[in-house]
Amino acid sequence: MPHLLRIADRLSAALGAAAAALFAVVGAILCYEVTLRYAFNAPTIWGGEVAQILFAAAVFFSLGDVLRRGRHISVGVFQSRLGGGARVAAGVFALAAVAVFAAAVSYWGGRIAFESFTAGRSSGSMLNLPVWWQEAALPAGFTVLLVQALAEVARLLQRQAPCRSDSESVL
């Protein structure tokens with residue numbers, strides 16, 4: 001089991017690092033676009049659309065890593081008043097809810113992306129890029145969130161410390 005937890009952590013961390021790189025690329029594209037638009041009155045036809053696709057991918061790819069690091073928004077008022085067993089139960093319940101939601105989004109988002117792929121839908125812009133590229137980022141990111149949520153549930157049930165660089169709680 002510890003091996004599977006490390007795999008989930010590494011997957012989340014790798015996609016988190018990829019998301020950080022994508023955010024940097026988006027920033028560079030937007031700076032380039034703004035410079036061309038306002039300094040030279042010559043905007044690109046690709047900048048906005050490519051930045052949008054990469055931004056969406058970065059947001060969804062970061063989900064698992066954010067959970068792994070314990071950085072999701074949480075309310076700890078009630079959790080801090082619970083004893084050890086009740087705290088674990090509350091954590092398992094919260095993470096199970098995240099896992100169920102992530103599974104649903106992964107399933108339905110995957111269906112939408114697949115339908116777009118098979119139908120050959122495109123953006124309709126000047127680039128006319130396939131929309132499934134952007135749509136596929138959603139189920140990919142939520143699938144990693146699902147895997148990380150299950151890993152965190154396993155850690156709680158084994159009473160292991162969460163995989164974090166700090167001491168913050170998942171809840």
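**Helices and cores in a predicted model**

Of the 171 residues of the protein chain in this predicted model, 33% count as buried.

Visitor: How many helices and how many strands does the protein chain have?

Guide: From the N terminus on, the elements run α-α-α-α-α. The count for the protein chain is therefore five helices and zero strands, with helices and strands taken as DSSP runs.

Visitor: Which helix supplies the largest share of the largest nonpolar core?

Guide: The largest nonpolar core has 11 residues, among them Leu-63, Leu-95, Phe-142 and Val-153. At least two residues of this core come from each of helix 3 (63–68), helix 4 (84–119) and helix 5 (132–157). Five residues make up the largest share, and the helix that supplies them is helix 5.

Visitor: Which residues does Ala-102 touch, not counting residues up to four places away in sequence?

Guide: Ala-102 belongs to the largest nonpolar core. Contact means heavy atoms within 4.5 Å. With residues up to four places away in sequence left out, the residues that Ala-102 touches are Phe-142, Leu-145 and Leu-146.

Visitor: How many residues are in the second, separate core?

Guide: This core includes Ala-19, Leu-22, Ala-58 and Ala-137. Its full count is five residues.

Visitor: What part of the accessible surface of the protein chain belongs to carbon and sulfur atoms?

Guide: The accessible surface of the protein chain comes to about 9,900 Å². The part of that surface belonging to carbon and sulfur atoms is 70%.

Visitor: How far apart are the mean positions of the positive and negative charges?

Guide: The protein chain has 13 positive and 9 negative charges. The distance between their mean positions is 10 Å.

How values were computed: Residues numbered from 1 in each chain as written. Predicted model: local features only at pLDDT ≥ 70, side-chain atom pairs only at ≥ 80, totals over all residues. Heavy atoms only, no water. Core = buried A, V, L, I, M, F, W, Y, C linked by side-chain atoms within 4.5 Å. Buried < 20%, exposed > 50% of the residue type's maximum accessible area, 1.4 Å probe, protein only. Helix = DSSP H or I, 4+ residues; strand = E, 2+ residues; numbered from the N terminus. Areas by Shrake-Rupley, 256 points an atom, 1.4 Å probe, with all protein chains shown as cover. Lys, Arg positive; Asp, Glu negative; His and termini not counted. Charge placed at Lys NZ, Arg CZ, Asp CG, Glu CD.
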